[in-house]
Amino acid sequence: MGIILIDFNSLPRCRLPSGKEVSVIDVLRFFYDFNETDVTVLLKILNEGSKTLDELAKETNMSKASVSRSISKLYSLGFVSREKILDKSGKGRPKYLYKVDKEEALKKIFENIEMCSSVAKATFKNLLSIK
């Protein structure tokens with residue numbers, strides 16, 4: 001695969017009551033503090049399957065350092081899992097194959113949205129009942 005080009009502006013958007021338009025990317029940024037690199041790396045793995053750090057850097061035309069930071073964030077948030085690649089030479093740093101379980105990723109996102117919505121609803125109900 002070549003360089004991944006994601007036109008974030010072409011994604012479907014939802015108009016909020018304030019008039020502001022948001023996309024699913026905005027939701028990911030809000031909930032997980034994702035930047036454009038994080039979203040690009042996540043979508044790359046979701047759409048194309050398991051990738052190494054080297055493959056992700058090359059195919060997204062990003063530095064290994066940037067991709068590595070995104071992978072670390074995605075891993076710590078539970079979006080990405082990794083599998084150690086056995087190096088027959090036994091030299092150097094271990095290499096990993098990174099993957100995303102689509103169903104688990106969607107489940108996590110939906111649960112977080114629902115949790116936030118429930119907390120907001122309960123908070124507003126409590127605030128409005130205070131006199």
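The following conversation concerns the fold, aromatic contacts and surface of a predicted model.

Colleague: How many helices and strands are there in the protein?

Modeller: The protein has five helices and five strands. Along the sequence they follow the pattern β-β-α-α-β-α-α-β-β-α.

Colleague: And what is the radius of gyration, set beside that of a compact globule of 131 residues?

Modeller: The protein has a radius of gyration of 18 Å, whereas a compact globule of 131 residues would be near 14 Å. The C-alpha atoms fill a box of roughly 70 × 30 × 25 Å along the principal axes. Buried residues account for 25% of the 131 residues.

Colleague: Turning to the aromatic residues, how many pairs are there?

Modeller: The count is six aromatic pairs. One of them joins Phe31 and Tyr32, with ring centres 6.1 Å apart and planes at 40°.

Colleague: Why is that pair of Phe31 and Tyr32 described as tilted?

Modeller: Planes under 30 degrees apart count as stacked and those over 60 as edge-to-face, so the rest are tilted. The angle for Phe31 and Tyr32 is 40°, so that pair is tilted.

Colleague: Are these two residues buried or exposed?

Modeller: Phe31 is partly exposed, with a relative accessible area of 26%. Tyr32 counts as buried, at 11% relative accessibility.

Colleague: What about Phe34 and Phe79; how are their rings arranged?

Modeller: Their centres lie 5.7 Å apart and their planes are at 65°, so the pair is edge-to-face. Phe34 belongs to the loop between α1 (24–32) and α2 (36–48), and Phe79 to the loop between α4 (64–76) and β4 (81–85), so the pair ties together parts that are 45 residues apart in sequence. Phe34 is buried, with a relative accessible area of 4%, and the value for Phe79, also buried, is 4%.

Colleague: Which residues form the aromatic cluster?

Modeller: Phe30, Phe31, Tyr32, Phe34 and Phe79 form one cluster.

Colleague: Which charged end sits over the ring of Phe79?

Modeller: That is the charged end of Lys108, 5.8 Å from the ring centre of Phe79. Elsewhere, the charged end of Arg82 sits over the ring of Tyr75, 4.8 Å from its centre.

Colleague: Now the surface: which residues make the nonpolar patch?

Modeller: Leu106, Phe110 and Ile113 make a nonpolar surface patch of about 280 Å².

Colleague: Where does Leu106 lie, and how accessible is Leu106?

Modeller: Leu106 lies in helix α5, which covers residues 102–129. Its relative accessibility is 44%, so Leu106 counts as partly exposed.

Terms used. Residues are numbered from 1 along each chain as its sequence is written. This is a predicted model: local features need pLDDT of at least 70, side-chain atom pairs count only at pLDDT 80 or more; totals for chains, interfaces and linings use all residues. Side-chain values use heavy atoms; hydrogens and water are left out. Rings of Phe, Tyr and Trp (its six-membered ring) pair if their centres lie within 6.5 Å; planes under 30 degrees apart count as stacked, over 60 as edge-to-face and the rest as tilted. Buried means under 20% relative accessible area, exposed over 50%, partly exposed in between (1.4 Å probe, protein chains only). Helices (H or I, at least four residues) and strands (E, at least two) are DSSP runs, numbered from the N terminus. A charge sits over a ring if NZ of Lys or CZ of Arg is within 6 Å of the ring centre and within 35 degrees of the ring normal. Patches are made of residues with over 30% relative accessible area and no salt bridge: like charges are joined within 9 Å, nonpolar side chains (Val, Leu, Ile, Met, Phe, Trp, Tyr) within 5 Å. Accessible areas come from the Shrake-Rupley method with a 1.4 Å probe; for residues, only the protein chains shown count as cover. A salt bridge is a side-chain nitrogen of Lys or Arg within 4 Å of a carboxyl oxygen of Asp or Glu. The radius of gyration is taken over C-alpha atoms; the globule rule is 2.2 Å times the number of residues to the power 0.38.
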